[in-house]
Amino acid sequence: MKYFNPSEFSNFEMMDEKLLEMLDNLREAYGGPLKLTSTYRSPDHPIEAKKKAPGEHAYGAAVDIASVGGEKTFKLVKAAIEVGFTRIGVSRKNNFVHVGIGYPDAPPITLWTY
């Protein structure tokens, strides 16, 4: 990886290679540093355990990126779309942007807010 260190991921070995490549492309397109706030989560992680079935993080197919709102969040979402992310969530409450590449039975294209 050009812009990220494996230590930035909770379990780097579980991360999807396509996602990692897209993250580097996202960092390049965004033009500034990105702080990862959530990466791989095991299926028994408290957030995943509350779900009917484990989500994108449990497949190593998504990360959450800290955002500060406003124009910077818009710029991050725009860059994510430009590099090919098709599953994007924006949390105004917790100030992060979720980017993912999908997992079995997930809608391939979706945008949501928290």
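This is a selection-by-selection tour of a predicted model.

Residue numbers start from 1 along each chain as its sequence is written. In this predicted model, local features need pLDDT of at least 70 and side-chain atom pairs count only at pLDDT 80 or more, while totals for chains, interfaces and linings use all residues; side-chain values use heavy atoms, with hydrogens and water left out.

**Whole chain**

Select the protein chain and colour by secondary structure. The chain has three helices and five strands, where helices (H or I, at least four residues) and strands (E, at least two) are DSSP runs numbered from the N terminus. Read from the N terminus on, the order of elements is α-β-α-β-α-β-β-β. The radius of gyration is 13 Å, close to the 13 Å that the globule rule gives for 114 residues, so the chain is as compact as a globular protein of that length. That radius is taken over C-alpha atoms, and the globule rule is 2.2 Å times the number of residues to the power 0.38.

Switch to the C-alpha trace: along its principal axes the trace spans about 35 × 30 × 25 Å. Then turn on the surface. The accessible surface comes to about 6,800 Å², and 54% of this belongs to carbon and sulfur atoms; the areas come from the Shrake-Rupley method with a 1.4 Å probe, and for residues only the protein chains shown count as cover. Of the 114 residues, 42% count as buried. Buried means under 20% relative accessible area, exposed over 50%, and partly exposed in between (1.4 Å probe, protein chains only).

Contacts can be listed next, with contact meaning heavy atoms within 4.5 Å. Among contacts with a separation of 6 or more, residues 24 or more positions apart account for 57%.

**Helix 3**

Select residues 70-82. This is helix 3, with 13 residues and a reach of 19 Å from its first C-alpha to its last, close to the 18 Å expected at 1.5 Å a residue. The expected span is 1.5 Å times one less than the number of residues.

Which residues of helix 3 are buried? They are Thr73, Leu76, Val77, Ala79 and Ala80. Look down the axis of helix 3: its buried residues fall within an arc of 160°, so they line one face of the helix. The arc is that of the directions from the helix axis to the C-beta atoms. Show the surroundings of these buried residues, which pack against helix 1, strand 2, strand 3 and strand 4 (96-100).

Now rotate to the face turned away from the buried side of helix 3, which carries the exposed residues Gly70, Glu71, Phe74, Ile81 and Glu82. Pick Ile81: its relative accessibility is 52%, and it counts as exposed. Measure from Ile81 to Val99, C-alpha to C-alpha: the two are 9.4 Å apart in space and 18 residues apart in sequence. Step on to Gly84, just after helix 3, where phi is positive at about 110°.

**Gly100**

Select Gly100 in strand 4. Is Gly100 buried or exposed? With 1% relative accessibility, Gly100 counts as buried. Leaving aside neighbours within four places in sequence, Gly100 is in contact with Glu56, Ala61, Ala62, Phe85, Thr86 and Arg87. Add Leu23 to the selection: the C-alpha atoms of Gly100 and Leu23 are separated by 9.8 Å, with their positions 77 residues apart along the chain.

**Salt bridges**

Two residues from that contact list, Glu56 and Arg87, lead to the next stop. Their side chains meet in a salt bridge (2.8 Å, N to O), defined as a side-chain nitrogen of Lys or Arg within 4 Å of a carboxyl oxygen of Asp or Glu. Glu56 lies in the loop between helix 2 (46-49) and strand 2 (62-66) and Arg87 in strand 3 (residues 87-91), so the pair ties together parts that are 31 residues apart in sequence. Glu56 is buried at 3% relative accessibility, and Arg87 is buried at 7%.

Select Arg41, Glu48 and Lys51 together: salt bridges that share partners join them into one network. Within it, the side chains of Arg41 and Glu48 meet at 2.9 Å, N to O. Arg41 has a relative accessible area of 9% and is buried; Glu48, at 1%, is buried.

Finish with Lys2 and Glu28, a salt bridge whose closest N and O atoms are 3.5 Å apart. Lys2 lies in the segment before helix 1 (17-30) and Glu28 in helix 1, so the pair ties together parts 26 residues apart in sequence. Lys2 is exposed at 60% relative accessible area, whereas Glu28 is partly exposed at 46%. How many salt bridges are there by this rule? The count comes to five.
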